[in-house]
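Here are some short exercises to work through with the structure open beside you. Try each task yourself before reading its solution.

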Amino acid sequence: MTPATLLRLGLAASGWLALLAMSLPDAAPLRVAAVTAFLLVCPGLAALLALRPAGRPRGGHPAVLLETALVTLVLGLALTTLVAVALFLGGLFTATRSLLALAALTSVLALLSVRPGARNRDTGVHAG
């Protein structure tokens, strides 16, 4: 198994582990840490991996790593906000339901299989 596959499987499982942590007592440090880490990182990283054609960024330049971390955080916060607003507008919001929706979304995004070269096909449409 490649490291990219392990990363995707770990991301797919992360939401369900955070949901499992919700069964711990309120304000338990493990519960707070697991849910917070999931909400800040995992949905955004799964979306980034699903949207970026080349997968993980190449090179270890600090600017590339910082850019990836920032985009991951912003995407995660945006997805969390969208799910919360949708549930609020539907009158269905609870922390468990929003975490369940985000866990399912993260799993789907993380497990999307992108065929190599599938996004780089020549569609025959060219600028100019």
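The exercises below go from the overall fold to single residues, and the model they use is a predicted one.

**Exercise 1. The overall fold**

Task: Find how many helices and strands the protein has, and which pattern they follow along the sequence.

Solution:
- Step 1. Count the elements: there are 4 helices and 0 strands.
- Step 2. Read them in order along the sequence, and you get α-α-α-α.
- Step 3. Look at burial: 30% of the 128 residues count as buried.
- Step 4. Turn to the contacts between residues at least 6 apart in sequence: 70% of these join residues at least 24 apart.

**Exercise 2. Helix 3**

Task: Work out what span is expected for helix 3, and which of its residues are buried.

Solution:
- Step 1. Helix 3 covers residues 62–89, which is 28 residues.
- Step 2. At 1.5 Å a residue, 40 Å is expected, and the reach from first C-alpha to last is close to that, at 40 Å.
- Step 3. Now pick out the buried positions: Thr68, Thr72, Gly76, Leu79, Thr80, Val83, Ala84 and Leu87.
- Step 4. Ask what these buried residues pack against: their partners are helix 2 (29–51) and helix 4 (95–111).
- Step 5. Go past the end of the helix, where Gly91 follows with a positive phi, near 70 degrees.

**Exercise 3. Helix 2 against helix 4**

Task: Describe how helix 2 and helix 4 pack, and say which residues meet there.

Solution:
- Step 1. Two packed helices are described by the angle between their axes and the distance between the axes, so start with those two values.
- Step 2. For helix 2 and helix 4, the angle is about 35 degrees and the axes are 8 Å apart.
- Step 3. Add the handedness: this crossing is left-handed.
- Step 4. List the residues: from helix 2 come Val35, Phe38, Leu39, Cys42, Pro43, Ala46, Ala47 and Ala50, and they meet Leu99, Leu102, Ala103, Thr106, Leu109 and Ala110 of helix 4.
- Step 5. Sort them by class: the contact has 13 nonpolar residues, 1 polar and no charged ones.

**Exercise 4. The nonpolar core**

Task: Find which residues have the most contacts inside the largest nonpolar core, and which helix gives the most to it.

Solution:
- Step 1. The core has 19 residues, and Leu11, Phe38, Leu99 and Leu109 are those with the most contacts inside it.
- Step 2. Trace where the core comes from: helix 1 (3–21), helix 2, helix 3 and helix 4 each supply at least two residues.
- Step 3. Helix 2 gives the most, with 8 residues.
- Step 4. Take Leu99 and set aside neighbours within four places in sequence: its contacts are Ala18, Leu19, Met22, Val35, Phe38 and Leu39.

**Exercise 5. Three single residues**

Task: Decide whether Ser107 and Ala27 are buried or exposed, then find what Leu45 touches.

Solution:
- Step 1. Ser107 sits in helix 4. Its relative accessible area is 11%, and buried means under 20%, so Ser107 is buried.
- Step 2. Beyond its neighbours within four places in sequence, Ser107 is in contact with Ala12 and Trp16.
- Step 3. Ala27 lies in the loop between helix 1 and helix 2. Its relative accessible area is 68%, and exposed means over 50%, so Ala27 is exposed.
- Step 4. Check the backbone of Ala27: phi is near 65 degrees, a positive value in a residue other than glycine.
- Step 5. Leu45 belongs to helix 2. Not counting residues up to four places away in sequence, Leu45 touches Leu7, Leu11 and Thr72.
- Step 6. Finally, Leu45 and Leu109 are 64 residues apart along the chain, with 9.1 Å between their C-alpha atoms.

Key:
Residues are numbered from 1 along each chain as its sequence is written. This is a predicted model: local features need pLDDT of at least 70, side-chain atom pairs count only at pLDDT 80 or more; totals for chains, interfaces and linings use all residues. Side-chain values use heavy atoms; hydrogens and water are left out. The expected span of a helix is 1.5 Å times one less than its number of residues. Buried means under 20% relative accessible area, exposed over 50%, partly exposed in between (1.4 Å probe, protein chains only). Contact means heavy atoms within 4.5 Å. Axes are lines fitted to C-alpha atoms, for helices over the stretch in contact, and angles run from 0 to 180 degrees between N-to-C directions. A crossing is left-handed if the near helix is turned anticlockwise from the far one by less than a right angle, and right-handed if clockwise. Ala, Val, Leu, Ile, Met, Phe, Trp, Tyr, Cys and Pro count as nonpolar, Asp, Glu, Lys and Arg as charged, and the others, Gly among them, as polar. A nonpolar core is a set of buried Ala, Val, Leu, Ile, Met, Phe, Trp, Tyr and Cys residues joined through side-chain atoms within 4.5 Å.
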